[in-house]
Amino acid sequence: MIDHRLHVLQALAEHGTVTATAGALHLTPSAVSQQLRLLARDLGVELLRPDGRRVLLTPAAHIVLRHAGALRTQWEAAQAELAQQGASTQGTLRMCGVSSALAALGAPAAVRLRETHPLVESLIVEEESSECYRMLLGDETDVALVLPGPDAPPVTDARFEQTLLLTDRQDLLVPEGHRLARPEGVELAEAAGQSWIVKRPNNDTYPLVMAACTAAGFTPRITHQVKEWYAVSSLVAEGFGVCLMPRIVPLPQLAVTRVPLRGTPVPVRRFLTAVRRGSAAHPLVAAALHALREAASAHAAAPES
């Protein structure tokens, strides 16, 4: 019910250029430009001014943006209140998130939803956190499991409600028999001279690894970049390097050793739930958030392997 063109204007304000906005919204630049021209025509104001190859938002555009955020929040709240009138919680709950969070938290939460709300169907999509935020704004998902990073919206972003779900420690993964495979643990700085296996820079985990190594006083010598945790573990097992392994990720049956990290700070990953502001009271969303909190509590209480 909220004009989609307002979302396009919000995306332009966030990304800065028509081309970047088109990429974020999976539209063509001409489609973005057309929608913004039509919005300006219907509002009877100028929204954009050319500035070389870029465009600038006019004062009128900033007024529209301020009201667009409030309209979106009010609309989400209205939908939530209307849904509360139903006799039972039912419908389709859409969830997205990074792979490790979906495996350890999302899947158990979906099972819990199925048991407590049999009329609820869960649809789960794996995506990086940046895409999860875009899907929330595009009304393509209801709940996101995200890892905050340097490019993520701050927790104060008025478009979202973001809540800490789980703090996940990271360990050093080394081959069996490695000199750092000490049960009492090591400091991360002791791995400064090792070859490192990391995920690609566009992955949520990459900036966390780089930040952890920087805090430990070194820049990792990256020799391999792979995406899946099983592939990462396989390369470690064959002696091609070491990596940071989140504790939430189970180890495969390979010749590797998970070494706890000592010292300060200990690298962690913080999982957040993110929903559109105003939607948390919707029965579907509220049930999903409750199930996720239960899954996180169960995971935190489980004995370490």
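Colleague: Is the crossing of α1 and α2 right-handed or left-handed?

Modeller: In this predicted model, helices α1 and α2 cross in a right-handed sense.

Colleague: How should the geometry of such a pair be read, and at what angle do the axes of α1 and α2 cross?

Modeller: Two packed helices are described by the angle between their axes and by the distance between the axes. Here the axes of α1, residues 4-15, and α2, residues 18-25, come within 8 Å and cross at roughly 120°. The arrangement of α1 relative to α2 is therefore oblique.

Colleague: Which residues of α1 meet α2?

Modeller: From α1, the residues are His-7, Val-8, Ala-11, Leu-12 and His-15; they meet Val-18, Ala-20, Thr-21, Ala-24 and Leu-25 of α2. By class, the residues of this contact comprise seven nonpolar and three polar, with no charged ones.

Colleague: A further feature is the cysteines. How many disulfides does the count give?

Modeller: A disulfide is a covalent bond between the sulfur atoms of two cysteines. The count for this structure comes to zero disulfides.

Colleague: Why does Cys-213 form no bond with the closest cysteine sulfur?

Modeller: The cut-off for a disulfide is a pair of cysteine sulfur atoms within 2.5 Å. The closest cysteine sulfur to that of Cys-213 belongs to Cys-243 and lies 11 Å away, which is too far for a bond. For Cys-243, the closest cysteine sulfur is in turn that of Cys-213, again at 11 Å and too far for a bond.

Colleague: Are Cys-213 and Cys-243 buried or exposed?

Modeller: Cys-213 is buried, its relative accessible area being 0%. Cys-243 also counts as buried, with a relative accessibility of 1%.

Note on methods: Residues are numbered from 1 along each chain as its sequence is written. This is a predicted model: local features need pLDDT of at least 70, side-chain atom pairs count only at pLDDT 80 or more; totals for chains, interfaces and linings use all residues. Side-chain values use heavy atoms; hydrogens and water are left out. Axes are lines fitted to C-alpha atoms, for helices over the stretch in contact, and angles run from 0 to 180 degrees between N-to-C directions. Helices (H or I, at least four residues) and strands (E, at least two) are DSSP runs, numbered from the N terminus. Angles under 35 degrees count as roughly parallel, over 145 as roughly antiparallel, 65 to 115 as roughly perpendicular and the rest as oblique. A crossing is left-handed if the near helix is turned anticlockwise from the far one by less than a right angle, and right-handed if clockwise. Contact means heavy atoms within 4.5 Å. Ala, Val, Leu, Ile, Met, Phe, Trp, Tyr, Cys and Pro count as nonpolar, Asp, Glu, Lys and Arg as charged, and the others, Gly among them, as polar. Buried means under 20% relative accessible area, exposed over 50%, partly exposed in between (1.4 Å probe, protein chains only).
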